Amino acid sequence: MPASEETGSGPVVHDHRRIDPVTGQVRGKHAASKPAGTIGAGRPAPGPEPDEDQPEEHSEDQPRESSEEAPEMVTAQAVKGGKQAADLEAQLAERTADVQRLQAEYANYRKRVDRDRAAVREQAVAAALAGLLPVLDAIDQAREHGELSGGFKSVADSLQAALGRLGLVTYGEKGDAFDPKIHEALTHSYSSDVVEDTCVEILQPGYKVGERILRPARVAVAEPATGPDGASNEAEWPEDEEGN
């Protein structure tokens, strides 16, 4: 309530309220509380006036343009993603081929190394065994003459067993077909008891390691006395040469 005081002519009311020139609201100590945005009792505050120079926005056109641009953006992203995927697949295929090639090269390298190692070992063993062949020949001669007995026989048997574990093989048996690749003919004769060239006597056995021939078997060979037509295979000497 505004303050009052009594005078001779009646009470004087001192009103300390003032009106804001911008908003039109009553300001002061005893101003009534009114909601913001109102002038006086129940009148709304005037809003900003529309700018005549500002163009009107057409909100309906923007969604239409966005909807038209959206498929193009999706298509471009799909094309870009497909290209990247194709590049990755090509790189993966290239790296896979490189790994497979390296694996094949390594496998071939290991096979070659193993083969070379086996060949070197076989050559070393063959060279060592070739130096022992004269010793084996002496043992065979002693056995044929009955001189291999006692402790010497045990040593000879142990030696031959150890050489056998190293891959040394003895070959050459009486009655074998003659093969110039593995036999060495020291004598030659004719016989009616054979139908092909035959080893009729083994003078020295042959030795081999695997497929390597250390020494061919030295044999006596007999040919058939008659050929397929029944004629004699023996050479006929002229009578005058026989008299000489």
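Here a biologist and a modeller talk through how some features of this predicted model get their names.

Biologist: Happy to start simply: what should I know about the model and its numbering?

Modeller: Residues count from 1 along each chain as its sequence is written, and side-chain values use heavy atoms, without hydrogens or water. The model is predicted, so local features need pLDDT of at least 70 and side-chain atom pairs pLDDT 80 or more, while totals for chains, interfaces and linings use all residues.

Biologist: What makes Lys208 a charge over the ring of Tyr171?

Modeller: The rule asks for NZ of Lys or CZ of Arg within 6 Å of the ring centre and within 35 degrees of the ring normal. Lys208 lies over the face of Tyr171 at 5.7 Å from the ring centre, so the pair fits the rule.

Biologist: And why are strand 10 and strand 11 called paired?

Modeller: Strands are DSSP runs of E with at least two residues, helices runs of H or I with at least four, numbered from the N terminus. Pairing needs at least two DSSP bridges; strand 10 (206-209) and strand 11 (212-215) have 3 and run antiparallel, so they pair. Lys208 stands opposite Ile213 in strand 11. The two strands form a hairpin with 2 residues between them, and Gly210 in the turn has a positive phi of about 65°.

Biologist: How do you know that the span of helix 3 is close to the expected one?

Modeller: The expected span is 1.5 Å times one less than the number of residues. Helix 3 (150-165) has 16 residues, giving an expected 22 Å, and reaches 23 Å from first C-alpha to last. Gly167, with a positive phi near 105°, follows helix 3.

Biologist: How many aromatic pairs are there?

Modeller: The count is 0, with Phe, Tyr and Trp (six-membered) rings pairing if their centres lie within 6.5 Å.

How values were computed
Rings of Phe, Tyr and Trp (its six-membered ring) pair if their centres lie within 6.5 Å; planes under 30 degrees apart count as stacked, over 60 as edge-to-face and the rest as tilted.
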